[in-house]
Amino acid sequence: QVQLMESGGGLVQAGGSLRLSCAASGSIFIINNMGWYRQAPGKQRELVAGITSGGDTNYADSVKGRFTISSDNAKNTVYLQMSSLKPEDTAVYYCNADIVSGTMRHNNYWGQGTQVTVSS
């Protein structure tokens, strides 16, 4: 069984920084893509940043230049370095991964979410 475990959320003042981590565990054959989504109260979940197994990245326009996604393939872990945080970045951040398990089942997985709150 594959699981995603997030860490690193919290409360920070505007202009500050946070680093989120997400580790995939379980029977994993290969991870194709990993990414971070967020959902603010009353809003739909949106893609923040994504990274492929080859290292290609993409970002939401709202976070370009402020957030950086990276991964450690050996550790099956993806990171989101968030800088120059704004109150509008406040949301629950979810890790997402496209994984082929050890039993060759292809599924999309979600973490439990981690709260990021940016105070003004």
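Is Asn 96 buried or exposed, going by its relative accessibility? Keep that in mind while you find your way around. The model on your screen is a predicted one, and the tour starts with this one residue.

**Stop 1: Asn 96**

Select Asn 96, which sits in strand 9. Its relative accessibility is 9%, so Asn 96 counts as buried. The cut-off behind that word is simple: buried means under 20% relative accessible area.

Now show the side chain of Asn 96 and look at what it reaches. There is a polar contact with the side chain of Asn 108, at 2.6 Å. The Asn 96 side chain also gets to the backbone oxygen of Tyr 109, at 3.2 Å.

Next, bring up the neighbours. Leaving out residues up to four places away in sequence, Asn 96 touches several others, including Leu 4, Asn 33, Met 34 and Gly 35. Tyr 37 and Trp 110 are also among the residues that Asn 96 touches; hold on to those two names for a later stop.

**Stop 2: the disulfide**

Stay with strand 9 and select Cys 95, then add Cys 22. A disulfide joins Cys 22 to Cys 95, with the sulfurs 2.1 Å apart. Which parts of the chain does the pair link? Cys 22 is in strand 3 (residues 18-25) and Cys 95 is in strand 9 (residues 91-101), so you are looking at a link between distant parts of the chain, 73 residues apart. If the word is new to you, a disulfide is a covalent bond between the sulfur atoms of two cysteines.

Turn the view until you can look along the S-S bond of Cys 22 and Cys 95. The torsion about that bond is about -80°, so the disulfide is left-handed. Both Cys 22 and Cys 95 are buried. Don't go hunting for another such bond: a search of the whole structure finds one disulfide.

**Stop 3: the aromatic cluster**

Time for those two names again. Select Tyr 37, Tyr 94 and Trp 110, which form one aromatic cluster. The structure holds two aromatic pairs, and here they are.

Start with Tyr 37 and Trp 110. Their ring centres are 5.0 Å apart and the planes stand at 65°, so this pair is edge-to-face. Tyr 37 belongs to strand 4 (residues 28-39) and Trp 110 to strand 10 (residues 106-110), so the pair ties together parts 73 residues apart in sequence.

Then swap Tyr 37 for Tyr 94. The rings of Tyr 94 and Trp 110 have centres 6.4 Å apart and planes at 85°, so this pair is edge-to-face too. Tyr 94 lies in strand 9 and Trp 110 in strand 10, so parts 16 residues apart in sequence are tied together.

How much of each residue is on show? Tyr 37 is partly exposed, with a relative accessible area of 23%. Trp 110 counts as partly exposed at 39% relative accessibility. Tyr 94 is buried, with a relative accessible area of 15%.

**Stop 4: the open sheet**

Hide the side chains and switch to a cartoon view. Look for an open sheet of four strands in the order 1-3-8-7, with antiparallel pairing. Strand 1 (3-7) and strand 7 (67-72) are the edges, each pairing on one side only. From one strand to the next, the twist averages 15°.

Finish at strand 7, which pairs with strand 8 (residues 77-82) in the antiparallel sense over six bridges. To see one partnership, select Ser 70: its bridge partner in strand 8 is Tyr 79.

Definitions and conventions:
Residues numbered from 1 in each chain as written. Predicted model: local features only at pLDDT ≥ 70, side-chain atom pairs only at ≥ 80, totals over all residues. Heavy atoms only, no water. Disulfide = S-S within 2.5 Å. Helix = DSSP H or I, 4+ residues; strand = E, 2+ residues; numbered from the N terminus. Buried < 20%, exposed > 50% of the residue type's maximum accessible area, 1.4 Å probe, protein only. Polar contact = N/O pair within 3.5 Å; in protein donor to acceptor, adjacent residues only side chain to side chain. Contact = heavy atoms within 4.5 Å. Pairing = 2+ DSSP bridges. Axes fitted to C-alpha atoms, helices over the stretch in contact; angles between N-to-C directions. Phe/Tyr/Trp six-rings, centres within 6.5 Å; stacked < 30°, edge-to-face > 60°.
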